Amino acid sequence: MKYGPSRGELWFRLIASVFGLGFVGVAIALRGVPSGPAFFELILLGGGFFVALGLFSARGLLKTNRE
């Protein structure tokens, strides 16, 4: 791939997203599901960020394998 992140960076991003989702899961397991604005911040923004990071990284890795 001429432009964009290297395969090593994509793997790093994928692993970071898995650990990030794990940390969000541990926080929810220890503290319970938050209510109010904390729910939006923790679940939607935090979890959504790590899910999107993982999906885009996995897609990038699959694209580089095909080329």
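Here is a walk through the structure, from the overall fold down to single residues. Keep in mind that the model is predicted.

Start with the big picture. The protein chain has two helices and zero strands. Its radius of gyration is 15 Å, well over the 11 Å that the globule rule gives for 67 residues, so the chain is more spread out than a compact globule. The C-alpha trace tells you about the outline as well, spanning about 45 × 20 × 15 Å along its principal axes. As for what is hidden, 21% of the 67 residues count as buried. The accessible surface comes to about 5100 Å², and carbon and sulfur atoms own 71% of that. Contacts are worth a look too: take the ones between residues at least 6 apart in sequence, and 81% of them join residues at least 24 apart.

Now zoom in on helix 1, which covers residues 7-31. With 25 residues, helix 1 reaches 36 Å from its first C-alpha to its last, close to the 36 Å expected at 1.5 Å a residue. Which residues of helix 1 are buried? They are Leu-10, Leu-14, Ser-17, Gly-20 and Val-24. Helix 2 is part of what covers them.

Helix 1 also holds a charged pair. Glu-9 and Arg-13 form a salt bridge, with their closest N and O atoms 2.8 Å apart, and the count for the model comes to one salt bridge. The two residues sit four places apart in helix 1, about one turn of the helix. Is this pair tucked away or out in the open? Neither label quite fits, because the relative accessible area is 35% for Glu-9 and 30% for Arg-13, and partly exposed is the class between under 20% for buried and over 50% for exposed.

Arg-13 turns up again when you cross over to helix 2, which runs through residues 37-66. Ser-57 is found in that helix, and its relative accessible area is 1%, so Ser-57 is buried. What does Ser-57 touch, leaving aside its neighbours within four places in sequence? Its contacts are Leu-10, Arg-13 and Leu-14. Two of these names should ring a bell, since Leu-10 and Leu-14 are among the buried residues of helix 1.

Next, the stretch that links the helices. Helix 1 is followed by Gly-32, which has a positive phi, near 85 degrees. Pro-34 is found in the loop between helix 1 and helix 2. Leaving aside neighbours within four places in sequence, Pro-34 is in contact with Phe-39 and Leu-42. To get a feel for where this loop residue sits, go back to Leu-14: Pro-34 and Leu-14 are 20 residues apart in sequence and 26 Å apart in space, C-alpha to C-alpha.

Phe-39 takes us to the last stop, on the surface. Together with Val-33, Phe-40, Leu-44 and Leu-45, Phe-39 forms a nonpolar patch with about 490 Å² of accessible area. Phe-40 is the member to click on here: it lies in helix 2, and its relative accessibility of 46% makes it count as partly exposed. Compare that with Ser-57, a buried residue that is also found in helix 2.

Methods. Residues are numbered from 1 along each chain as its sequence is written. This is a predicted model: local features need pLDDT of at least 70, side-chain atom pairs count only at pLDDT 80 or more; totals for chains, interfaces and linings use all residues. Side-chain values use heavy atoms; hydrogens and water are left out. A salt bridge is a side-chain nitrogen of Lys or Arg within 4 Å of a carboxyl oxygen of Asp or Glu. Buried means under 20% relative accessible area, exposed over 50%, partly exposed in between (1.4 Å probe, protein chains only). Patches are made of residues with over 30% relative accessible area and no salt bridge: like charges are joined within 9 Å, nonpolar side chains (Val, Leu, Ile, Met, Phe, Trp, Tyr) within 5 Å. Accessible areas come from the Shrake-Rupley method with a 1.4 Å probe; for residues, only the protein chains shown count as cover. The expected span of a helix is 1.5 Å times one less than its number of residues. Contact means heavy atoms within 4.5 Å. The radius of gyration is taken over C-alpha atoms; the globule rule is 2.2 Å times the number of residues to the power 0.38.
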